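Dear colleague,

I am handing over a structure to you, together with some notes on what turned up in it. Please look through the model before reading on.

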Amino acid sequence: MLSRKPRPLAVVGRTGPDPAAPADPGASLAEQALAHVDELHGLARHLCGTASDAEDIVQETYARALGGVARLTPGSNLRAWLFRILRNCFIDQARRKKIVLEIADDTVADRSAHEVWDTAALDQLRYLAAADLERALATLPVELRFIVLLDAQGFHEAEIADIARCAPGTVKSRLFRARARLRAALQEGFR
């Protein structure tokens, strides 16, 4: 089992500073990568649904990262690179288990893309129980859930597009659809 507590490692040589990495520029690449283990595990847990599958995917992510460290260019975004590897590990695991990952092509309510929420609706969402939000996230197809979780991690649309290997316009579309479905699932929970 992969420990989620970073330990001092000197497995890989030193690299230049990475804007998404911890502030310690003297940390080895392995130490910088291990600083993201909790974020990766959180995303994997939401994607997989079970802690053991999530741990397997995170462990495979780090194994692939260490094996492919030569392909990481100095100064590139280590965090985004790790999330892309995790995505690929998740897809590979789904293929091995013969799980079909697809995005539902359902239509969303007639709301504009530039919809503005009123203050009362935002206040209501701020006080949602974590369990309600997790249940609503679980209703999303995997690819939409992945995009939403990356957005929640603070990635910009261009970074999400790079991680998910799709066009930025696709990310915008998926975020819009996912948010609409989340909104509907959460509103259904309040009735």
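In which loop is the place of Thr-139? Thr-139 is found in the loop between H6 and H7, where helices (H or I, at least four residues) and strands (E, at least two) are DSSP runs numbered from the N terminus.

Before going further, please note that this is a predicted model, in which local features need pLDDT of at least 70 and side-chain atom pairs count only at pLDDT 80 or more, while totals for chains, interfaces and linings use all residues. Residues are numbered from 1 along each chain as its sequence is written, and side-chain values use heavy atoms, with hydrogens and water left out.

To return to that loop, Thr-139 counts as partly exposed because its relative accessibility is 45%; buried here means under 20% relative accessible area, exposed over 50%, and partly exposed in between (1.4 Å probe, protein chains only). Not counting residues up to four places away in sequence, Thr-139 touches Arg-181 and Ala-185, a contact being heavy atoms within 4.5 Å. Thr-139 and Arg-181 are 42 residues apart along the chain, and their C-alpha atoms are separated by 8.4 Å.

As for the chain overall, it has nine helices and zero strands, and of its 191 residues 37% are buried. Among the contacts with a separation of 6 or more, 65% are between residues 24 or more positions apart. The chain exposes about 11,000 Å², of which carbon and sulfur atoms supply 54%, with accessible areas taken from the Shrake-Rupley method with a 1.4 Å probe, and with only the protein chains shown counting as cover for residues.

The largest nonpolar core (a set of buried Ala, Val, Leu, Ile, Met, Phe, Trp, Tyr and Cys residues joined through side-chain atoms within 4.5 Å) holds 44 residues, of which Leu-43, Tyr-62, Leu-82, Leu-86, Phe-146 and Leu-150 touch the most other members. Helices that each supply at least two residues of this core include H1 (29–34), H2 (37–48), H3 (51–67) and H4 (78–96), and H4 gives the most, with nine residues. Leaving aside neighbours within four places in sequence, Leu-82 is in contact with Ala-33, His-36, Leu-40, Thr-61, Tyr-62 and Ala-65.

One of these partners, His-36, is found in the loop between H1 and H2 and counts as buried, at 4% relative accessibility. His-36 and Phe-83 are 47 residues apart in sequence, yet their C-alpha atoms are 9.3 Å apart in space.

The structure holds one aromatic pair, a term that covers rings of Phe, Tyr and Trp (its six-membered ring) with centres within 6.5 Å, where planes under 30 degrees apart count as stacked, over 60 as edge-to-face and the rest as tilted. Phe-83 and Phe-155 form this pair, which is edge-to-face, at 5.0 Å centre to centre and 75° between the planes. Phe-83 lies in helix H4 and Phe-155 in the loop between H7 and H8, so the pair ties together parts that are 72 residues apart in sequence. Both Phe-83 and Phe-155 are buried. Arg-79 lies over the face of Phe-155, at 4.1 Å from the ring centre; for such a charge, NZ of Lys or CZ of Arg is within 6 Å of the ring centre and within 35 degrees of the ring normal.

Turning to single helices, H3 has 17 residues and reaches 24 Å from its first C-alpha to its last, close to the 24 Å expected at 1.5 Å a residue, the expected span being 1.5 Å times one less than the number of residues. Its buried residues include Asp-53, Ile-57 and Tyr-62, and what covers the buried residues of H3 includes H1, H2 and H4. In H7, nine of the eleven residues are buried, so H7 is largely enclosed by the rest of the structure. Just after H7, Gly-154 takes a positive phi of about 100°.

Lastly, most residues other than glycine have a negative phi. Arg-165, although not a glycine, has a positive phi of about 55°; Arg-165 lies in the loop between H8 and H9 and counts as exposed, at 57% relative accessibility.

With best regards
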